[in-house]
Amino acid sequence: MNILILSASTGGGHMRASKAIESYMLKQDKDINVKIVDSLLYISPILNKTITSGYVYLATKTPKLYGKLYDLSNKDRKFSNFVTRINNIFANKLLPLIDDFKPDVIITTHPFPTEMVSRLKLKNEINIPLICIMTDYAPHKAWLSEKVDAYIVANDDMVAKMVAQGVSEEHIYPYGIPVDEVFFEEEEKQLVLEELNLDKNLPTILMMAGSFGVANVFDIYANIIDINLDFQIILVTGKNKKLYNQFEEVVGNRPKNTKLIYFTNEINKFIQASDIIITKPGGLTVTEALA
């Protein structure tokens, strides 16, 4: 069986969910062939860089504007139709990939490829089951497309909301957001703290700026380090070198012991070593913390 997983790199969660699905499926059946494709990168490196860079800029530099655009695309039909038209223009560029790989099922973990594949199905270009795994805790309109055969959603509360938006209830499955199995494996907290040269007896706060490094985490850090309580901090800046350098200049002079970390693929260890997490509300990050 061939399973094609289409995602995008606007935020780290969509690709992490894809990899979690791949890992699980390969353990279930050795005859399953899974292919993960960053759909925007496959279609056009220039398009991918434009959209990804735009997302990073809005999310890190102008989060309020990003929030307004996010809300607008969920309410304003003209704005959402514009995004749909863009996706429709590029949908056919996925056909060579689909024709070559010949998937039995297509799974999407991002709204853009979901809409593109739905468009191909509407035009009768393909006739392949489409499963959309929503990596959010609310059903934004961008996720909803006409030819999706099944939606995997985070929780039961989302079912009624999606039905109100016109999705048939029989197509909605509240199975949760997929995360890598390492988040269910218990780490020895004391060993992790020892590895980080942190105090085994102090409460530990984990601060995460997200995969691209949301800059306002610096203000949050500045506001909590003078609290008159004993605690230590693990601070992950994500792929924001400027933010990392900004922290590097100050953490050694602050009253709370702070372990500074750039982007990491071992976030599960730091989560399990911590007592409190402060982070942006990404669907995957929240789910990993809950796990």
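This report walks through a predicted model, from its parallel sheet to helix α1, the spaces beside that helix, and helix α13.

Since the model is predicted, local features need pLDDT of at least 70 and side-chain atom pairs count only at pLDDT 80 or more, while totals for chains, interfaces and linings use all residues. Residues are numbered from 1 along each chain as its sequence is written, and side-chain values use heavy atoms, with hydrogens and water left out.

**The sheet and helix α1**

Let's start with the sheet, where 6 strands line up in the order β2-β1-β3-β4-β5-β6 and form an open, parallel arrangement. The edges belong to β2 (33–38) and β6 (172–173); each has a single partner strand, so one side of each is left without a neighbour in the sheet. Helix α1 (residues 13–28) packs on this sheet and touches β1, β2, β3 and β4 (130–133), where contact means heavy atoms within 4.5 Å. The direction of α1 makes about 175 degrees with that of β2; axes are lines fitted to C-alpha atoms, for helices over the stretch in contact, and angles run from 0 to 180 degrees between N-to-C directions.

Strand β1 (residues 2–7) runs parallel to β3 (residues 105–108), joined by 4 bridges, and L6 stands opposite T108 in β3. Here, two strands pair if DSSP finds at least two bridges between them; helices (H or I, at least four residues) and strands (E, at least two) are DSSP runs, numbered from the N terminus.

**Pocket and cavity**

On a 1 Å grid over the protein atoms alone, a cavity is a set of points where a 1.4 Å probe fits but cannot get out; a pocket is an open set with protein on both sides within 12 Å along at least five of seven lines, and lining residues have an atom within 4 Å of a point.

| Space | Volume | Lining by class |
|---|---|---|
| Second largest pocket | About 400 Å³ | 15 nonpolar, 1 polar, 1 charged |
| Second largest cavity | About 30 Å³ | 3 nonpolar, 1 polar, 2 charged |

Of the 17 residues lining the pocket, I21, Y24, I133, I152 and P178 are the closest to its centre. Helix α1 gives the most to this lining, with 4 residues. The second largest cavity is lined by A20, S23, Y24, V179, D180 and E181.

**Helix α13**

Finally, in α13 (residues 283–290), G283, L284, T285, T287 and E288 are buried, meaning under 20% relative accessible area with a 1.4 Å probe, protein chains only. These buried residues pack against α1, β7 (204–208), α12 (267–272) and β10 (276–279).

Technical notes. Grid points are joined across faces, edges and corners, and a volume is the space filled by probe spheres set on the points. Ala, Val, Leu, Ile, Met, Phe, Trp, Tyr, Cys and Pro count as nonpolar, Asp, Glu, Lys and Arg as charged, and the others, Gly among them, as polar. Buried means under 20% relative accessible area, exposed over 50%, partly exposed in between (1.4 Å probe, protein chains only).
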